[in-house]
Structures are given as structure tokens and as C-alpha cells.
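Visitor: I'd like a close look at one part of this model, and then a walk outward from there. Could you take me through it slowly?

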Amino acid sequence: MNALSHHPPAVRTTCPYCGVGCGLLVASDGLGGAIVSGDPKHPANFGRLCSKGSALGETLGLDTRLLHPMIRGAERNYSRVDWDKALGHVAAGFRTVIERSGADSVAFYLSGQLLTEDYYVANKLMKGFIGTANVDTNSRLCMASSVAGHRRAFGSDTVPGCYEDLDQADLIILVGSNAAWCHPVLFQRMTRNQAERGARLVVIDPRRTATAESADLVLPIAPGMDTALFAGLLVRLADTLALDYSYIDTSTTGFENAIAAARAIAPDLATTARLTGLAAADVVRFFELFQATPRVVTCFSQGVNQSAQGTDKVSAIINCHLATGRIGRPGMGPFSLTGQPNAMGGREVGGLANQLAAHMGFVGEDIDRVRRFWNAPQIATREGLKAVQMFDAIAAGRVKALWVMGTNPAASLPRAGAVAAALKELEFLVVSENVLSNDTVRSGAHVLLPAAAWGEKDGTVTNSERRISRQRAFLPLPGEARPDWWIVSQVAKHMGFADAFAYASVADIFREHAALSAFENSGRRDFDLGALAHISDEQFAALEPVQWPARANEKQRDQRFFAHGGFFTTDRKARFAVLERPALRAPISEAFPFRLNTGRIRDQWHTMTRSGLSPRLAQHLPEPFVEVNPDDAQATGLLDGGFARVTSPFGACVLRVSISPGQQPGSLFAPIHWTGETSSSARVGELVTSETDPHSGQPEAKATPAKIAPIMFAFRGFVLARAPIAMPRETWWAKVAVNGGHGYLFAAERSLQSLRECTPPMFAADADIADYIDEPRGVYRMAAFRSGRLDGCVFIGPASAAPHWNAIVDLFAADALGDVERRILLSGRSVDGFADTGPLVCACFGVGLTAIRNAITSGHASDVEAIGRTLRAGTNCGSCLPELKRIVADARITANV
Ligand code: SF4
């Protein structure tokens, strides 16, 4: 454990997960650990946290951490080296490739998890001093289409509104956003508005997610047809004279062409309904709600962005808001919900390959301005390679040296198998990481650099509403870990750029970043932190959350943009977009008749390197799964809880089957979180197509052609172990954190005998082993004890009657077991004797589905509030409230059948 020294009072910092950007208070628990709570003064969350934020204290261990610089030797083994050698090696490696093959033969791949100051320094080194714009980021997979849509309409990457709009709106539309799981604290803000002010909530999503449980209107739109729906809405608004002609005339251009294009796509209600697959009555209701409600906010997220037509989807939404003047005023506007904690900060510094810096682009005036500000010897003069292009260039040998910082492209990029293979071909691969091993590290990194992690880093992040917050360190740097900004600056010095990277502190970088944003700005650019360009170190240390713009000498700040026009185009007018006819790029076929949609689950984040360390979070959905419509399941012979092989033209995964009526026929859904570190066969990124949006370069992660078929296993079971183990070959497995160690859920087609033979090496040689076998029933249980404690166990049963682990996990967490518990553990009656609590629903209070159903059927609880009173479920962070609503609704349906 990375010990938290006493820090009275609590440290104010920011959550490292999603773009809501919740403020946190972190205090010592007196035992070297941390107590994490919501910061009541932070305007993003006012003290609230979701299940992920609440469990952050469980993720501070050092077991998985990379703690020292390492260089790979000729035998592919790593040797620990000191920082000076590592930095010199990195600088020499890049210099050699650049001298031989030119600046465009090298690239950086960054991350929305970096702090703004880390991002700024990396962007400056590559674009200003190495001389190429080959800097891209995993934010390309997250919100690049929103950026492109904003820039196309507004001339700048500006989120016009703020979170208060969600309190003030009378209609909130969520498009392609499972906000209940992916932006839970904001979603609770929306539902509070719904409950207290009567705001209506419309959810537009091909999949019926937890978010839909709270909706007044659910529109299960056909995949990829958001553009058609909003084109139809624009036509309807025009036909009913419900437009703001004054705003259109004074503040926009291009309406005539835009409405003509919208009419070509969705000329009437019938066409809109047909294209979107929605009931005409529902389309009418949606149109009428929009038309009749001036205060409307349209929130959009990955279902819109992660599309080969993502920019058009964003533009279709913005068109409707521009045409009605519903932008930049309280309770109105298009609102991009950012996925990552600091995707916005990355956008500010120019961390995308098609931006230069500080919301300036690759046009002559901007290039010259940034060159002069940086005193840059060889500034990049054209856009670089976007993420998918970058990895294609690596595969083709055009990019020969790559530095990956804080992200895992070998798992998260589309066609991740091909990406991992391409990484192996690089002449020089540098990885700055928190973790000792991940799929990218295992792809053959030549140098590993130990980066500081959340809790150890100091700097700023920007959330979805343009609010900059401080992340503050509350832990010492472990081992030889260093902040990313320090690592990059040191490499820059070794490359001969010492003067431009002579930062003494993160505050120095922030001031320079702020000064660049204000340099020759005078209101010409949206992003301006001039008011913060000269703050002292003490002011930086105490910086309160601040929304931009923060222009110097500005007496009164407007929270919002564009209520009265003032766009950042040459004529200060917004541009309506002319939309293309919506169509899914990759066609389904007889060989691949389904569409695979990918996304997140409630209690995990990205590739689980942090959230996966929390036993509490691991209980919610511990295994990788694929959701299938009941009719499709029947047609393909799939069983709920069974296994399926999902295959696309690019790869295959084996996943547990979850049959769900919320899944449209012909569609599959699989979560993105599992990697080669946490599963045998669930790297879902391997399946995803690399089709990209022509404007944003964002990949289509929601509609890959795929097929699905059942897989049978003879046995299923689980292993609990104190230390990580190597699971037997040819078993399907998924690994999760459990209290006191590691849990492995597995399935196998091998014989019981061969599985038994694999078990003893999993546990300590001096362990006291007890086992139980019932060969005819296909049951085997083995427990290893040391000093009266359960040191590990293996439970195997026939796949049709797989053993449950909930109760055993509790025994594994106990310090010592009594004789009775030891006997019960392995006895034939034991598993029946332990109550199975079912899948976890409430992570805060550890309440399982079985307990909730029992409370309902016994009459102790008939609604969500009563469940809260009886079991406490849903009464803390509220992340499980949508699931509780669904469970109550299902129970009512069952009772009435
Ligand atoms: S909503 Fe949850 S994950 Fe997102 S910032 Fe807040 S606490 Fe963190």
C-alpha cells in the first residue's frame, strides 16, 4: 500500500475517472489508507459521488505498479536502470530515428488520463521542437466527433453550456448516452430536475440501458440513424414555423442549404419513422416536446461520437439548437458529455493531431503565433496522424518510433489484435505507465518509464463544462515514479531543448499554458485563461475550480457562449452543417449478420487498471458478457448464462451470454473493459472495425458486423488465491479483485481429472490442503489453509450447476476460520447451506439481487424508497437506482402474470 501520511485537513482533489470531474476530499484513515468522499463545495458534484468515485480508496495499492525505469535487453528481458540512463536512452532512440527517417517517422500517443500540464509539455515537444504533429490521444476514441462538430458549427471547439443548464432545462434529451452508468452524478442531477421541477427526460438509444428506466420517453432508434431523427426534427420545426428567424438571420449562415439537405434525408414524418425504426407516434411526441419546450438541453456521448458518421450526428443536433436559438441561454443548448477525466484539457492544449495548441489550428497565422510564443525552432505546419491512421502507419513501417503515455492502445483501439502486432514491429517503443504489465507493455516495449498515478500527481484537469479543477497529490511518489510532465521535460533536455523545457514546477507549466491561450487573443479565440497567466505558486496551489474563458481584466464572466452569436468564425456567425444521408458504413452480410455495439458498464473504467483493483466494484458484473435479444438467442441456440463466441472480420471473443429484451434484434452489446490481463478471451477491441468518421477520424465502435454462436463447456468454477496465478491453458477465465486477493471465474471443456491435476501448484507448498470430490456429479472442491486462514480454494462443478462464489469470497476475506466454517466450506451441503446473494446491485452497501427480490416478494419493500429503507441499497451514491427501478418493475410484471 502506498501509505497516506497524515494530512489534516483532507486534500481537495478531483476524481480520475469520467468527464463529470467530481471534486473529492481525501483524508487519512489513520492506517495508511484513504477515505474518499465528495467535495461539498465543488460545483460539479456538490459532495455527491458515484460507485466508482466512492471506491477510489480501494485502488491505491502498489502491487501492480511499475516503480522503476526499465530497458529491454537483447533477450527480451527487462533490466532496471536509473533515470539518467533511461532518459538518455529515450532521447537517443528518438533522435536516431528522426535523423535517419525524418520527424514524421516518430509519434506520441497520449491519454485523456494525463493532466493538462503533462499534455501541454508533450504537445509542445512534438509539435514545436521535434517538428511533427504526430501527437494523438485516446480521446480520439472518445469525443473527436464532438470536437469536429463544434468546430464545424462554431469555428471553435466550444461546449456552449454548463451543468447548471441541466438543473434549469424543462426538457433533457440524451442521445447515445447511458448517463446513468457513464456520467452517474450528472444523471442524478437530471433526475432531480425531473422530480423537483417536472423536467421531461427523453432517451434516444438503440439499446434500452439503465438510463431508460428514468425516461419519460424512450426512443429505441435504429443503429446509426440519429442524423435522420434530427434532420426530421429540423424539417418539422421549419414546416411548423417554430424557428428563431431572428437568430438565424443575425447569427448564422447556411440555413437554406442545411434545411434542403435535411429535407432530402427526412422530408416527412413517415420517412423519419421508417429510417429510424421508431413508431410514428413516438416521433411525433418527441418533435412536439422539442417544439413546445424552449428550455431544452440535448446531451450526447459515445453513441453519437463513436460512429463513422459521428460528426454529422453532432451537427444534426447542433443544427436544431441553432435554428431555434436555443443555445447559450439558461437551460438550453447542445451538450457533449465528455467521457474521460481530462479529454477537455487535452483539447485545450492541442493534444489531438489536427489541432496545434490552445484551440489554434494549422493555419498560417496560428502557426506563426505559436512558433513565436514557444520560440520553436521547427514547428509542425500541417496536421499529423490521427489515432487509427497512426497505427496503420506503424503497421506499414512509416512510423518507426512511438511513445505511449498512460493508455493501452493494444487493448482499446479498433482491431486491437492488429495494433498489438504492429507495436511489435516498431524499432523503438517507449511506454510511460503506472502498471508493470498491460497489453501494450506486453507488445514489446523497449523502455518502460514509471509514471506517477492519481493521488501522487499534481496539476489540473478540465471537465465537460469547461471547468478547470486541481488534482492534488496526497500520496508520496512510490519507488522512482515521476510525473509525466517531468519525464517529458527531461527527455526534451536530453534532446537539446533544455531552455524551452526548464520548468521547475507544474505551476510554471500552467502559467505558460494560460499565457499561450491569451497570447494575441483579444476575444478572437474562445479558449482564454489570461486571468490565470500570472498567478503565484501559492495561488496555483489554492486554485478553486474555475470555468473558462477566464480573460484578463474581465470584470464579469459569462458562463455560457453564443446566446447572442459571437461565434469564432471569420464573420462571427455559426455555420449550419449540410448533412450526408445516414448509412452504416460496414455492411452486415450472411457471414456477419449482427451489429456489435460496444460500451461501458457501471462499475468499471476503461481497461480496469484502476477500477479493477477494487473488490467492491468487481462484484457488480464480474465477467465479460455479450447482451443478446431473446429472439436472436433462441434462433442461434444461446442460453442465458451460457457462453458464446462472438466473431467479427477482425477477431473473436468468448463471452458469457446475457439475454436482454433491451437489446434490439440483430444487435449485440459487449463491454470494452476486459484485456489480456483480466481475461482469456474478451479483448473486445479486437473485434471492432477501424472504419472512421471522415471529419473527426473517430472510429465506429458501435456497429461492427459480427456473428455469434454458442460455446459449450463441461465444467465451470472459480479459484480464489492470495497472489495472481496462471490459469491452466485451454480454460476460459476472467480475473477480478476480491477482498484479500484475486478471484478467477473459469470454464473448461477438459476432464475433471485434468482440471484437478492443475490445482495444487496454484497454492503454497506448505499449505494444509483439504478437498472433496463427487466424481459422478462432476464436483470437486479444494481448499488450502495456512495459519487457520483460507489461503485459497478451487471449486469446480458441472456447467449446468456452476458453484456460486459469493459466500466463499466472504470466508476468504476472513482472518481465520473456525472448525465449523472449515467443515462447511467443503461439505456436500455447504454450498447449498450458504445463501447466494446473487449479482451485486448496490456496490456501496454490498446488496445483491437475491436480497432485493426477497425484500420485494416478502412484502417488506414494494418500491425503490422502501428498498432503501429496508436494505439501504441506493441510499448512498445512487448509481444503482436505475437498476432498482428495473428490478421493482420486473417484480410487478411477474406478480401480475
Ligand atoms: S461521476 Fe463518478 S466517475 Fe465520474 S467524476 Fe464523478 S465520481 Fe468520478
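**The second largest pocket and beyond**

Guide: Let's start with the lining of the second largest pocket, whose residues split into 18 nonpolar, 18 polar and four charged. Bear in mind throughout that this is a predicted model. The lining comprises 40 residues, and those nearest the pocket's centre are Asp-63, Thr-64, Leu-613, Lys-735 and His-742. As for volume, the second largest pocket comes out at about 1000 Å³. Strands β28 (731–738) and β29 (741–748) each put at least two residues into that lining. The biggest contributor is β28, with five residues.

Now move along the chain to a hairpin. Strands β30 (residues 768–774) and β31 (residues 779–786) run antiparallel and are joined by seven bridges. To find your way on the ladder, look for Tyr-772, whose bridge partner in β31 is Arg-781. Four residues sit between the two strands of this hairpin, and Gly-778 there has a positive phi near 70°. In general, strands of a sheet pair through backbone hydrogen bonds, in either a parallel or an antiparallel way.

Stay around β31 for a moment. The charged end of Arg-822 sits over the ring of Phe-785, 3.9 Å from the ring's centre. A little further on, Ser-787 lies in the loop between β31 and β32 (789–798). Ser-787 is worth a click: its phi is positive, about 50°, although the residue is not a glycine. With a relative accessible area of 80%, Ser-787 is over the 50% cut-off and therefore counts as exposed.

Rings come next. Searching the whole structure turns up 31 aromatic pairs. Take Phe-510 and Phe-540: their ring centres are 5.2 Å apart and their planes meet at 40°, so this pair is classed as tilted. The two partners come from distant parts of the chain, 30 residues apart, with Phe-510 in helix α21 (residues 506–518) and Phe-540 in helix α22 (residues 537–541). Phe-510 has a relative accessibility of 1%, so it counts as buried. Phe-540 is buried too, at 2% relative accessible area.

A second pair worth your time is Phe-643 with Phe-713, which is edge-to-face, at 4.9 Å centre to centre with 85° between the planes. This one also links distant parts of the chain, 70 residues apart: Phe-643 belongs to strand β23 (residues 643–648), while Phe-713 is in the loop between β26 (704–711) and β27 (715–721). Phe-643 is buried, with 5% relative accessible area. Phe-713 has a relative accessibility of 17%, which is under the 20% cut-off, so Phe-713 counts as buried as well. Phe-643 has another neighbour: Arg-656 lies over the face of its ring, 5.3 Å from the ring centre.

Beyond the individual pairs there is a cluster. Ring pairs tie together Phe-154, Phe-527, Trp-548, Phe-561, Phe-562, Phe-567 and Phe-568. Keep your eye on Trp-548 from that cluster, since the next stop begins there.

The peptide bond from Trp-548 to Pro-549 is cis, with omega near 10°. Pro-549 is in the loop between β19 and β20 (574–575). That loop between β19 and β20 also holds Asn-553. Asn-553 has a positive phi, near 65°, in a residue other than glycine. Its relative accessibility is 78%, so Asn-553 counts as exposed.

Follow the chain back from that loop into β19 and you reach a sheet. Three strands make up this open sheet, in the order β17-β18-β19, with antiparallel pairing. At the edges are β17 (459–462) and β19 (546–547), each of which pairs on one side only. Between β17 and strand β18 (residues 467–471), which run antiparallel, there are four bridges. One place to check the register is Thr-460, which stands opposite Arg-470 in β18. As a reading aid, in a regular strand the side chains alternate between the two faces of the sheet.

If you want to retrace the route, go from the pocket lining, where β28 gives the most residues, to the hairpin of β30 and β31 with its seven bridges. Then take in the tilted pair of Phe-510 and Phe-540 and the edge-to-face pair of Phe-643 and Phe-713. Finish at the cis bond between Trp-548 and Pro-549 and the open sheet of β17, β18 and β19.

Notes. Residues are numbered from 1 along each chain as its sequence is written. Side-chain values use heavy atoms; hydrogens and water are left out. Two strands pair if DSSP finds at least two bridges between them. On a 1 Å grid over the protein atoms alone, a cavity is a set of points where a 1.4 Å probe fits but cannot get out, and a pocket is an open set with protein on both sides within 12 Å along at least five of seven lines; lining residues have an atom within 4 Å of a point. Grid points are joined across faces, edges and corners, and a volume is the space filled by probe spheres set on the points. Ala, Val, Leu, Ile, Met, Phe, Trp, Tyr, Cys and Pro count as nonpolar, Asp, Glu, Lys and Arg as charged, and the others, Gly among them, as polar. Rings of Phe, Tyr and Trp (its six-membered ring) pair if their centres lie within 6.5 Å; planes under 30 degrees apart count as stacked, over 60 as edge-to-face and the rest as tilted. Buried means under 20% relative accessible area, exposed over 50%, partly exposed in between (1.4 Å probe, protein chains only). A charge sits over a ring if NZ of Lys or CZ of Arg is within 6 Å of the ring centre and within 35 degrees of the ring normal.
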